[in-house]
Amino acid sequence: PVRSPDELVLVTPGRGEARFGFSAQTLAELRRSQTAFEDVCGYTRTSLTVEIPGLPRSLNLEALSDNCDVVLGRQPFIGRMLGEQDRALDTGAPGVAVVSHEFWTRTLNRDPQVIGRVLATPRLPLTIVGVARPAAALDADEGADLIVTLGAAARLAGRPSMLVVDAIGRLRPGVSIANADSAMRALWPSV
């Protein structure tokens, strides 16, 4: 569940039918230079092995720019969603994660004391800071178990500058999709 989904637009670079993602650096430039959207956020999906009391398992991971939950208008079920306070992850701060409602129910037995629990991963321990509302994944076909920042995902993958992300923009009031498309093509012809 996101706020006003009709105001959200997938922003993708490409030519013809070919579509590509953005680097984290290009996403940051896009956020600074565009004018058609209230803001633009980035996300990607991957998998990760996590140690849950002695049981290693592969989990689906949704990685977001620190502003994505604000752009989307997603609210937590308990705890909090990711935000600007988690930006320090890019500089080596401890990792944080929001768990999906489904993962919280299926794997963590709806533990009301889950906030503050640490999930062990090979490269970066993740402290749970929230539980997302049901069906909060960006891709309903590939529901995420964990939601982390892009910085944490890069550190977990061991490739700090190699993430490729998709972008979502929230239209400014009064801006149509056609106007946003024209503004983005004028700024970056390949978008």
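This briefing covers the overall make-up, the nonpolar cores and the surroundings of one threonine. The structure is a predicted model, in which local features need pLDDT of at least 70 and side-chain atom pairs count only at pLDDT 80 or more, while totals for chains, interfaces and linings use all residues. Residues are numbered from 1 along each chain as its sequence is written, and side-chain values use heavy atoms, with hydrogens and water left out.

**Overall make-up**
- The protein chain holds five helices and 12 strands, taken as DSSP runs (helices H or I, at least four residues; strands E, at least two) numbered from the N terminus.
- Of the 191 residues in the protein chain, 45% are buried, that is, under 20% relative accessible area with a 1.4 Å probe, protein chains only.
- Among contacts (heavy atoms within 4.5 Å) between residues at least 6 apart in sequence, 72% join residues at least 24 apart.

**Nonpolar cores**
- The largest nonpolar core (buried Ala, Val, Leu, Ile, Met, Phe, Trp, Tyr and Cys residues joined through side-chain atoms within 4.5 Å) has 37 residues, of which Leu 30, Phe 37, Val 99, Leu 126, Leu 146 and Val 148 touch the most other members.
- Helix H4 (residues 150–157) gives the most to this core, with five residues.
- Another core, of 15 residues, lies apart from it and includes Cys 68, Leu 72, Val 98 and Ile 168.

**Thr 121**
- Thr 121, in the loop between strand E9 (118–119) and strand E10 (126–132), counts as buried because its relative accessibility is 12%.
- Not counting residues up to four places away in sequence, Thr 121 touches Leu 48, Thr 49, Val 50, Leu 126 and Leu 156.
- A polar atom of the Thr 121 side chain lies 2.3 Å from the backbone oxygen of Leu 124.

Terms used. Buried means under 20% relative accessible area, exposed over 50%, partly exposed in between (1.4 Å probe, protein chains only). A polar contact is a pair of N or O atoms within 3.5 Å; within protein, one must be able to donate a hydrogen and the other to accept it, and residues adjacent in sequence count only if both atoms are side-chain atoms.
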